[in-house]
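Grab a pencil and open the viewer. Each exercise below gives you a task, and a worked solution follows it step by step.

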Amino acid sequence: MRRFSDRMGFTFVEIVIATGVALVFFAGLIHFASATGSETSRAENYLRALQIAQETIELVQSMPVGELTDAKLQIFEGSLVDSQTRQSVALPVHPESAWKPVTKKYPEQYTKAYFYRKLRLEPLEGEAANGRFLRKLIVEVFWNEGRVPDKIDAIGGTPDRMRKLALATVLFDEREYY
Amino acid sequence: MRGSCHGTQKRGVTLVELAIGVILVAALLGITYKVFSYITNARKRGSVDLQELQGARFAINHLRRDFRCATPFIPKSATLAQKAKAFEMPIVDAKAYTKGDVTVPVLVSPAELHFHRQVYDTPDLTTSPVLEEVNYHIDEARKCLIRTTAGRELAFPGIRNVKFELYGHPLNPETPMLLVTLVVDADADKKGPGTPDLEITTTLSSAVINQNLHYRSWNRIYY
């Protein structure tokens, strides 16, 4: 008995403190590593959102302003992920065109961000010099970072997404007379 | 003597305790090494990813700016019929193009894009815009996207593959839109554990071509 009582070992408090210090140390390192990964993912999604917004502007700019009614612009609106299949939606390709692209949908890598696109065309009359010749186009792209939205579709409302990017440009309405 | 014997009463470390201690320290060092190497790789991979993404943005910006003012090449020597045909069919599939025609449309094939573009800084009092020939293709040897214009070459090292495709505008089937899909090498140093390549897709259009298609009675420039 005497021999055991003389032995010097770690106390319970020492073990708890050592374990706590080790846990904090490793948790910090792991958090640091995972933060690096999510930063990269955010940059990827931002670049994709920017391209979606820019291509939408180009799609609208490619048509005469006189032909751009609200009903026609609707085809560019909505989620880029199908709410039923959870896969990328089809690209807005005219079915009767002579050009038939092999690529039919946005890449599957896009589905993780649940991109959503909205756009509106507003008059600028009275707001700027020669405003009657101009129309303001605003494209908004919404997306998520590593989270499935509760509602994938948001017809007429604000999409259930974490991030938003908006680009605006001015279109020239060539129907106006000088 | 009693005092001198005091030290000998302290119990030393047994071989078993020593062995267990050494094993524990070795295991702890091993875990620490693993964690550090994982973090170092993640840091490197993250930094490479961001660099490659920046390269992808650089390439898309070049493509968009070049293609925005893409136009078929129509020489002054072309007949009116040839000029009219060039305006009617400004972009064609490269496989369907017949060489020998005077005019040269914008040529699109899955791995190559060839066109003329109006140069931004056309001097004042110039009757026709200055044109410049531009080519984008994948260099199989270097495995990257190459832009060539006026004898100068620009390489985009992060772009491992590219696909160019034409499609009709959803509101007008005759309005050509160019779909570009870039495959970005996500881990150029191949140090990460199987990092998948990134795909980025976007649509480009030419304001010059669309203007000529939509307003046929005006704004036509005969070179």
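## Warm-up: one arginine

R163(A) counts as partly exposed, because its relative accessibility is 32% (buried means under 20% relative accessible area, exposed over 50%, partly exposed in between, with a 1.4 Å probe and protein chains only). Before going on, the ground rules: this is a predicted model, where local features need pLDDT of at least 70, side-chain atom pairs count only at pLDDT 80 or more, and totals for chains, interfaces and linings use all residues. Residues are numbered from 1 along each chain as its sequence is written, chains are lettered from A and ligands numbered from 1 in the order in which they are written, and side-chain values use heavy atoms, with hydrogens and water left out.

## Exercise 1: the partner of R163(A)

Task: find the side chain that meets R163(A) in a salt bridge, and say where the two residues sit.

Solution.
- Step 1. Look for a salt bridge, that is, a side-chain nitrogen of Lys or Arg within 4 Å of a carboxyl oxygen of Asp or Glu. R163(A) has one with E145(A), at 3.2 Å from N to O.
- Step 2. Place both ends. E145(A) lies in the loop between strand 3 and strand 4 of chain A, while R163(A) is in strand 4 of chain A, so to speak 18 residues apart.
- Step 3. Check the cover. E145(A) is buried, with a relative accessible area of 14%.

## Exercise 2: build the sheet

Task: work out in which order the four strands of the open sheet in chain A lie, and which of them stand at the edges.

Solution.
- Step 1. Get the terms straight. Helices (H or I, at least four residues) and strands (E, at least two) are DSSP runs, numbered from the N terminus. Two strands pair if DSSP finds at least two bridges between them.
- Step 2. Start with strand 1 of chain A, which is joined to strand 2 (residues 116-123) of chain A by two bridges, running antiparallel. Here S79(A) has Y116(A) as its bridge partner.
- Step 3. Move on: strand 2 and strand 3 of chain A pair over eight bridges, again in the antiparallel sense. P123(A) stands opposite R135(A).
- Step 4. Finish with strand 3 and strand 4 of chain A, an antiparallel pair with 10 bridges. W143(A) is matched with R163(A), our warm-up residue.
- Step 5. Put it together. The order is 1-2-3-4, with antiparallel pairing. Strand 1 (78-79) and strand 4 (163-172) of chain A are at the edges with a single partner strand each, so one side of each has no neighbour in the sheet.
- Step 6. Look at strand 3 (residues 134-143) of chain A, where eight of the 10 residues are buried.

## Exercise 3: a helix with one covered face

Task: decide how the buried residues of helix 3 of chain B are arranged around the axis.

Solution.
- Step 1. List the buried residues of helix 3 (residues 80-88) of chain B: K83(B), A86(B) and F87(B).
- Step 2. Look down the axis. These residues fall within an arc of 95°, so they line one face of the helix (the arc is that of the directions from the helix axis to the C-beta atoms).
- Step 3. See what covers them. Helix 4 (207-214) of chain B is included.

## Exercise 4: where the chains meet

Task: describe the contact between chain A and chain B, and find a salt bridge across it.

Solution.
- Step 1. Count the residues: 45 from chain A and 47 from chain B take part (contact means heavy atoms within 4.5 Å).
- Step 2. Add the area. The two chains bury about 4300 Å² between them, with 64% of it on carbon and sulfur atoms (buried area is the accessible area, with a 1.4 Å probe, that two parts lose on being put together, summed over both).
- Step 3. Pick out the big losers in chain A. L47(A), E58(A) and W99(A) lose the most area to chain B, together 16% of what that side buries.
- Step 4. Look for charges. There are two salt bridges between chain A and chain B. E58(A) forms one with R64(B), the closest N and O atoms being 3.0 Å apart.

## Exercise 5: a buried pair

Task: which residue does R147(B) meet in a salt bridge, and is the pair buried or exposed?

Solution.
- Step 1. The partner is D66(B), and the closest N and O atoms are 2.7 Å apart.
- Step 2. R147(B) belongs to strand 6 (residues 144-149) of chain B and D66(B) to helix 2 (residues 15-68) of chain B, 81 residues apart.
- Step 3. Both R147(B) and D66(B) are buried.
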